[in-house]
Amino acid sequence: MGAEARLAELGITVPDVVPPVAAYQPTARSGNLVFTAGQLPARDGEMIAVGKLGGEVTEEQGYECARQCALNALAAVKAEIGSLDDVKRVVKVVVFVASTPDFTGQPKVANGASELLGEVFGDAGKHARSAVGVAVLPLDVPVEVEITVEV
């Protein structure tokens, strides 16, 4: 089953590409790799959460933010290549988590992105990943995700 059919089976609609909030483009392609810019947890034109993990944002909310960021990254990839069925594999995922100094659950938050990619692409969704705690992210969002895929 292709990624597009799998998304439909899961009841997931790929959103429109979120417009950049600064001077960059949503994707860059080099050979058979597509790199996304960092994607924020925007849904229907609004950020689904703001603040820091370990502060005003729960681990569950952070997980949902990472999942939405990954979905937004898929939207950018789809806009670049036409169909997610053309993705051969997810290569790398980087998840930035704005968190308090004592919060150490970045990997659990990042699972929101990783698990979505696994649901959509199966074995081709298995990837290398970094989950990085940071002091602050653009627009005070708790999570930002970038992905690299092979097409």
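Helices and strands here are DSSP runs, numbered from the N terminus, with at least four residues for a helix and at least two for a strand. Glu-150, for instance, sits in strand β7. Keep in mind that the whole model is predicted.

**The sheet**

Let's start with the sheet. Five strands make up an open sheet in the order β1-β2-β7-β5-β6, and the pairing is mixed. The edges belong to β1 (27-30) and β6 (128-134), each of which pairs on one side only. On average, strands next to each other in this sheet are turned by 15° against one another, direction ignored.

A bit of background helps with the pairs: strands in a sheet are held together by backbone hydrogen bonds, and they can be parallel or antiparallel. Going along the sheet, β2 (residues 33-36) meets β7 (residues 143-150) in the antiparallel sense, over three bridges. At this seam, Leu-33 faces Glu-150 of β7. On to the next seam: β5 and β7 also run antiparallel, and eight bridges join them. Here you can look for Val-90, whose bridge partner in β7 is Val-149. Then comes the parallel part, where β5 and β6 pair over seven bridges. Lys-92 is a handy marker there, standing opposite Ala-128 in β6.

**Helices across the strands**

Which strands does α2 lie across? They are β1, β2 and β7, and α2 runs at about 40° to β7. Helix α3 (residues 106-121) lies across β5 (89-98), β6 and β7. Its direction is at about 150° to β6. β7 therefore turns up in both lists, as a strand that α2 crosses and as one that α3 crosses, with contact taken as heavy atoms within 4.5 Å.

**The largest pocket**

Now for some empty space. Rolling a probe the size of a water molecule over the atoms shows where such space is left. The largest pocket holds about 310 Å³. Its lining is made up of 18 residues, and those nearest the centre are Ala-42, Arg-43, Asp-44, Gln-68 and Asn-72. Two or more lining residues come from each of β3 (42-43), β4 (46-47) and α2 (59-81). Which element gives the most? That is α2, with five residues. Sorted by class, the lining has nine nonpolar, six charged and three polar residues.

**Five residues to look up**

The table gives the place and relative accessible area of a few residues worth finding in the structure.

| Residue | Where | Relative accessible area |
|---|---|---|
| Gln-39 | loop between β2 and β3 | 5% |
| Glu-150 | strand β7 | 22% |
| Leu-139 | loop between β6 and β7 | 52% |
| Asp-123 | loop between α3 and β6 | 62% |
| Asp-44 | loop between β3 and β4 | 76% |

Is Gln-39 buried or exposed? Gln-39 is buried, because its relative accessible area of 5% falls under the 20% cut-off. Look at what is around this loop residue: beyond its neighbours within four places in sequence, Gln-39 is in contact with Val-18, Pro-26, Cys-69, Asn-72, Ala-73, Ala-76, Val-143, Glu-144 and Val-145. One of these, Asn-72, was named above among the residues nearest the pocket centre.

Glu-150 is in between, so it counts as partly exposed at 22%. Leaving out residues up to four places away in sequence, Glu-150 touches Asn-32, Leu-33, Asp-86, Val-87, Lys-88, Arg-89 and Val-91. Leu-33 in that list is also the residue that stands opposite Glu-150 in the pairing of β2 and β7. Gln-61, on the other hand, is 29 Å from Glu-150, C-alpha to C-alpha, with their places 89 residues apart in sequence.

Asp-123 counts as exposed because 62% is over the 50% mark. How far apart are Asp-123 and Arg-89 in space? The distance is 8.1 Å, C-alpha to C-alpha, for two residues that are 34 apart in sequence.

Finally, two backbone angles. Most residues other than glycine have a negative phi. Asp-44 has a positive phi, near 55°. Leu-139 has a positive phi too, near 60°. Asp-44, in the loop between β3 and β4, is exposed at 76%. Leu-139, in the loop between β6 and β7, is exposed at 52%.

Notes. Residues numbered from 1 in each chain as written. Predicted model: local features only at pLDDT ≥ 70, side-chain atom pairs only at ≥ 80, totals over all residues. Heavy atoms only, no water. 1 Å grid on protein atoms, 1.4 Å probe; cavity = no way out; pocket = protein on both sides within 12 Å on 5 of 7 lines; lining within 4 Å. Points joined across faces, edges and corners; volume = space filled by probe spheres on them. Nonpolar A, V, L, I, M, F, W, Y, C, P; charged D, E, K, R; others polar. Pairing = 2+ DSSP bridges. Axes fitted to C-alpha atoms, helices over the stretch in contact; angles between N-to-C directions. Buried < 20%, exposed > 50% of the residue type's maximum accessible area, 1.4 Å probe, protein only.
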